[in-house]
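Me: Hi! Could you walk me through a couple of spots in this protein? I'll put it up here.

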Amino acid sequence: MRIILILFLLIALGAAFWWWRGSSRGPSMTDPLAIAEFRTRYAEPLSPKRPAAVFHLGHSLVGRDMPAMLSQLMGNRYNSQLGWGATLDQHWRNDVPGFGVENRPPAFRAAREAVGSGEYDAIVFTEMVELKDAIRYHDSARALADWAGLARASRPDARLYLYETWHRLDDAAGWLQRLDSDLETLWIDQVLRPAMTRPEVGTIYVIPAGQVMAELVRRIEAGEVPGLTRREDLFGLNADGTQDPIHINDIGAYVVALTHFAVLSGESPVGLPHELLRADGTMAKAPNADAARIIQQVVWEVVRGFPMSGLAQ
């Protein structure tokens, strides 16, 4: 009987501790914003406006070259903090793998200082891939809410964005299939809606790069994009010459930079330059002019048909 009583007390104390821990961190991240209210947040589009300064927080699917290309397209200044497959929570805790290798001047700026400075019109966050693991083990929604709260405290009118990326080309569930399913079930239902439950977070818009990549790949593999024939044409190679299944090449970076441009500025990317420089000042490999025009059109079609981009539909 005494043992049972002791066990009961231990369970009660444990439950009380976890209740206190959750209440001290604000609203539960397991209770997402109701879907009707969530959709209402995006009913009124943002006014088109090119941000003068952008901060990027993430990992190698942000990379160094994509923000540099975006800056050439949009005319913005930018800074970033990156890591090796880093989660938003690892950035929050200053425990970023690959920190010393990935962050170099002049692009690098410490994330807490940057996000809390109020100096950026737009701040772009992204989460680790595998996204399921980030959600399960790294409390993605809570970390996104923490970063958004820090940004709002210093600059309430800053526009905040979640950059939707992609998974490995060799994913067992299928690359296109996961892009079709993960947007709603993971990015929105398990990251964005729970984060937006906290009142200080406000509305976080979405840069649907994964959706753009999926639509573009469908066009490429249908033979509609001159000079590109397969999805691997958007991805790089490893040091030994084998296919890199996750990291994009120059053309992939161009696609993602165009997507960022369209969402952040609210302007069509059709007609923008397609020959750009990498972050190190060397010339990036560019799609041919016909392919670039189709890529730009695909980006604009996808972004304009995506309410959470903040653009008029």
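Me: At what angle do helix H11 and helix H12 pack?
Reply: Happy to help! Keep in mind that this is a predicted model. H11 (residues 250-265) and H12 (residues 289-304) pack at about 40°, and their axes are 10 Å apart. The two helices are therefore oblique to each other.

Me: And which way is the crossing of H11 and H12, left-handed or right-handed?
Reply: H11 passes H12 in a right-handed crossing. On the H11 side, the contact includes Ile251, Tyr254 and Leu258, while H12 contributes residues including Ile295, Val299 and Trp300.

Me: How many residues of that contact are nonpolar, polar or charged?
Reply: The split is 11 nonpolar, two polar and no charged.

Me: Switching topic: where is Ala122?
Reply: Ala122 sits in strand S3, which covers residues 122-125.

Me: Why does Ala122 count as buried?
Reply: Ala122 counts as buried because its relative accessibility is 2%, and buried means under 20%. Beyond its neighbours within four places in sequence, Ala122 has contacts that include Phe55, Tyr161 and Leu264.

Me: Which way do the residues of S3 point?
Reply: Ala122 and Val124 point one way, Ile123 and Phe125 the other, and all are buried. In a regular strand, side chains alternate between the two faces of the sheet.

Me: Which strands are joined to S3 by bridges?
Reply: S1 (residues 53-57) runs parallel to S3, with four bridges joining them. Phe55 has Ile123 as its bridge partner in S3. Four bridges also join S3 to S4 (residues 159-163), again parallel, and there Val124 is partnered with Tyr161.

Definitions and conventions: Residues numbered from 1 in each chain as written. Predicted model: local features only at pLDDT ≥ 70, side-chain atom pairs only at ≥ 80, totals over all residues. Heavy atoms only, no water. Axes fitted to C-alpha atoms, helices over the stretch in contact; angles between N-to-C directions. Parallel < 35°, antiparallel > 145°, perpendicular 65-115°, else oblique. Left-handed = near helix turned anticlockwise from the far one by under 90°. Contact = heavy atoms within 4.5 Å. Nonpolar A, V, L, I, M, F, W, Y, C, P; charged D, E, K, R; others polar. Buried < 20%, exposed > 50% of the residue type's maximum accessible area, 1.4 Å probe, protein only. Pairing = 2+ DSSP bridges.
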